[in-house]
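Please walk through this model from its overall layout down to single side chains.

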Amino acid sequence: MPKIILHQWEVSPFCNKVRKILKYKHLAYSVVNYNGLLAVAASRLSSAGKLPVIEYDGEKVQDSSDIAEFLEARHPQHPLYPADSKDLAQAYFWEDWADESLYWFEVYFRFRYPDALQLATSLLCKGRSKFEQVIFAPLARYTYERQLNAQGIGRIDKNRVEKKFFAHIGNFETILSQQDWLVGNHQTIADLAVAAQIDEILRTSPLKERILSYSHVKSWLERIQS
Ligand SMILES: N[C@@H](CCC(=O)N[C@@H](CS)C(=O)NCC(=O)O)C(=O)O
């Protein structure tokens, strides 16, 4: 078995996605967490300065999508990608939509709602000193506020953002009432990428109960966990 180390923040949706991939492929791994001010060290691990990064027998790989392809090439059993070419194209679109669009709802719901923000910053500082928490919380809020505003979603009011998000959840409900998985006939990278974002919204957002009231979405999330 290879030695795999996942460099992560427990609450990052992209790190969650990689954990889901590793679990799906039955690959054992250890984690290194970068809570609190250790985040500075995380930024030196890769050229993009982001997490997740994995070390696979000493080789570093960054970016959850690249990590998925890297692991698939070495461990093709339990395939992440559908064999059918049209399904494959759709799986890539779903993954990209989850990573580049749904992600911003996750950031918005985590950093724009006071209760969620407090929970998120305490989770991001888990195991670190009180002093670090005091410094880290405003820094995190400032960083993500800037990103939300630059992306555009940060300039839209809460009601409108929630409406757009629940329109997506409604669309999932429709799809998942007719099929078990987002693409094709088995779990793929599409399910893992989308579920990782939704999982992280559920972890900190007061919208949790409302999301889980969509029964097909709820049972699909449970299927992925198992
Ligand atoms: N495309 C990357 C995105 C990773 C990403 O944005 N990670 C965030 C945490 S959720 C991060 O490292 N943010 C710190 C930063 O941007 O400096 C992937 O799929 O891995």
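What follows covers the domains, the ligand site, some backbone geometry and several helix residues.

This is a predicted model. The domain assignment splits the chain into domain 1 (4-74) and domain 2 (85-225). Their centres, taken over C-alpha atoms, are 18 Å apart. Domain 1 gives 21 residues to the contact, and domain 2 gives 27 residues.

Now the ligand. Which residues are around the ligand? They are Trp9, Ser12, Pro13, Phe14, Lys50, Leu51, Pro52, Asp63, Ser64, Tyr103 and Tyr144. Three of these side chains can be described by their polar distances. For serine 64, a polar side-chain atom is 2.5 Å from a ligand oxygen atom. For aspartate 63, a polar side-chain atom lies 3.0 Å from a ligand nitrogen atom. For lysine 50, an N or O atom of the side chain is 3.4 Å from a ligand oxygen atom. On its own, the ligand has 510 Å² of accessible area, and the protein covers 80% of that area.

Two residues of this site also have backbone features to check. Leucine 51 and proline 52 are joined by a cis peptide bond, with omega about 15 degrees. Proline 52 sits in the loop between α2 (39-42) and β3 (53-56). Aspartate 63 is in another loop, between β4 (59-62) and α3 (64-74). Its phi is positive, about 80 degrees, although aspartate 63 is not a glycine. Aspartate 63 has a relative accessible area of 38%, so it counts as partly exposed.

Away from that list, histidine 78 has a positive phi as well. The value is near 55 degrees, and the residue is not glycine. Histidine 78 belongs to the loop between α3 and α4. Its relative accessibility is 35%, so histidine 78 counts as partly exposed.

Next comes helix α4 (residues 85-111). Three of its residues are worth a stop. Take aspartate 99, which is found in α4. Is aspartate 99 buried or exposed? It counts as buried, because its relative accessibility is 5%. The side chain of aspartate 99 makes a polar contact of 2.8 Å with the side chain of lysine 17. It makes another with the side chain of serine 65, at 3.2 Å. Beyond residues up to four places away in sequence, aspartate 99 touches Phe14, Lys17, Ser64, Ser65, Ala193 and Gln197. Phe14 and Ser64 in that set are also among the residues around the ligand.

Glutamate 106 is in α4 too. Its relative accessible area is 3%, so glutamate 106 is buried. Which residues is glutamate 106 in contact with, leaving aside neighbours within four places in sequence? They are Val11, Pro13, Gln197, Glu200 and Ile201. Gln197 is touched by aspartate 99 and is in contact with glutamate 106.

Phenylalanine 93 is the third stop in α4. Its relative accessibility is 64%, so phenylalanine 93 counts as exposed. Phenylalanine 93 and alanine 190 are 97 residues apart in sequence, yet 8.1 Å apart in space, C-alpha to C-alpha.

The last stretch is helix α10 (residues 215-225). Val217, Trp220, Leu221 and Ile224 are its buried residues. Why are these residues on the same side of α10? They cover an arc of only 100 degrees around the axis, which puts them on one side of the helix. An α-helix has 3.6 residues a turn, so residues three or four places apart point the same way. The buried residues of α10 pack against α1 (13-24), α7 (158-176), α8 (189-204) and α9 (208-212).

Glutamate 173 shows the α7 side of this packing up close. The residue is in helix α7. It is buried, because its relative accessible area is 15%. Not counting residues up to four places away in sequence, glutamate 173 touches Tyr214, Ser215, His216 and Val217. Its side chain reaches the backbone nitrogen of serine 215 at 3.3 Å. Glutamate 173 and valine 217 are 44 residues apart in sequence, but 5.6 Å apart in space, C-alpha to C-alpha. Valine 217 is one of the buried residues of α10.

Note on methods. Residues numbered from 1 in each chain as written. Predicted model: local features only at pLDDT ≥ 70, side-chain atom pairs only at ≥ 80, totals over all residues. Heavy atoms only, no water. Buried < 20%, exposed > 50% of the residue type's maximum accessible area, 1.4 Å probe, protein only. Helix = DSSP H or I, 4+ residues; strand = E, 2+ residues; numbered from the N terminus. Arc of directions from axis to C-beta. Contact = heavy atoms within 4.5 Å. Near = heavy atom within 4 Å. Polar contact = N/O pair within 3.5 Å; in protein donor to acceptor, adjacent residues only side chain to side chain. Areas by Shrake-Rupley, 256 points an atom, 1.4 Å probe, with all protein chains shown as cover. Domains from an automatic or database assignment.
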